[in-house]
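Here's a quick walk through one protein model, with an eye on its side chains. Have the sequence and the 3D view open as you read.

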Amino acid sequence: AKNSIKEPGVKRFDVLQQSDDPIKFVLVEVYLDESGVEQHKKTAHYNNWRKEAERMVDGERIRTRYVPVWPEVY
């Protein structure tokens, strides 16, 4: 997250820990546009995270996509 937020296409990158189950986390990523997502996936820190996350995730990684409504990020 510390490296991701420095990317020009990243508007916000939050790491949230579940209060009643501290081994569960949610990443909330907000990008300026789809190209920001694609650029993020090409970075070394993303690829390092992906390798590490595979070892830590128990079960299927869940991905849900949302679009910003307010405030506008563009």
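A word on burial before anything else: a residue is buried under 20% relative accessible area, exposed over 50%, and partly exposed in between, using a 1.4 Å probe and protein chains only. By that yardstick Tyr-46 counts as buried, because its relative accessibility is 11%.

Some housekeeping: this is a predicted model, where local features need pLDDT of at least 70, side-chain atom pairs count only at pLDDT 80 or more, and totals for chains, interfaces and linings use all residues. Residues are numbered from 1 along each chain as its sequence is written, and side-chain values use heavy atoms, with hydrogens and water left out.

**The aromatic pair**

Tyr-46 is also half of the structure's one aromatic pair. Its partner is Trp-49, and the two rings sit 5.9 Å centre to centre with 35° between the planes, so the pair is called tilted (rings of Phe, Tyr and Trp, using the six-membered ring of Trp, pair if their centres lie within 6.5 Å; planes under 30 degrees apart are stacked, over 60 edge-to-face, the rest tilted). Both residues belong to helix α2 (residues 44-56), three residues apart, or about one turn of the helix. Helices here are DSSP runs of H or I with at least four residues, numbered from the N terminus. Trp-49, at 33% relative accessibility, counts as partly exposed.

**Around His-40**

Tyr-46 turns up again in the surroundings of His-40, which is part of helix α1 (residues 34-40). Is His-40 buried or exposed? It is buried, at 4% relative accessibility. Setting aside neighbours within four places in sequence, His-40 is in contact (heavy atoms within 4.5 Å) with Ser-4, Glu-7, Phe-13, Glu-29, Tyr-31, His-45 and Tyr-46.

**Salt bridges**

The whole structure has four salt bridges, each a side-chain nitrogen of Lys or Arg within 4 Å of a carboxyl oxygen of Asp or Glu. Among them are these:

| Pair | N to O distance |
|---|---|
| Lys-24 and Asp-21 | 3.5 Å |
| Arg-65 and Glu-34 | 3.1 Å |
| Arg-55 and Glu-52 | 2.4 Å |

Arg-65 lies in the segment after α2 and Glu-34 in helix α1, so this pair ties together parts that are 31 residues apart in sequence. Glu-34 is partly exposed at 42%. Arg-55 and Glu-52, on the other hand, both lie in helix α2, three residues apart, about one turn. Arg-55 is exposed at 62% relative accessibility, while Glu-52 is partly exposed at 38%. As for Lys-24 and Asp-21, both count as partly exposed: Lys-24 at 42% and Asp-21 at 23%.

Definitions and conventions. Helix = DSSP H or I, 4+ residues; strand = E, 2+ residues; numbered from the N terminus.
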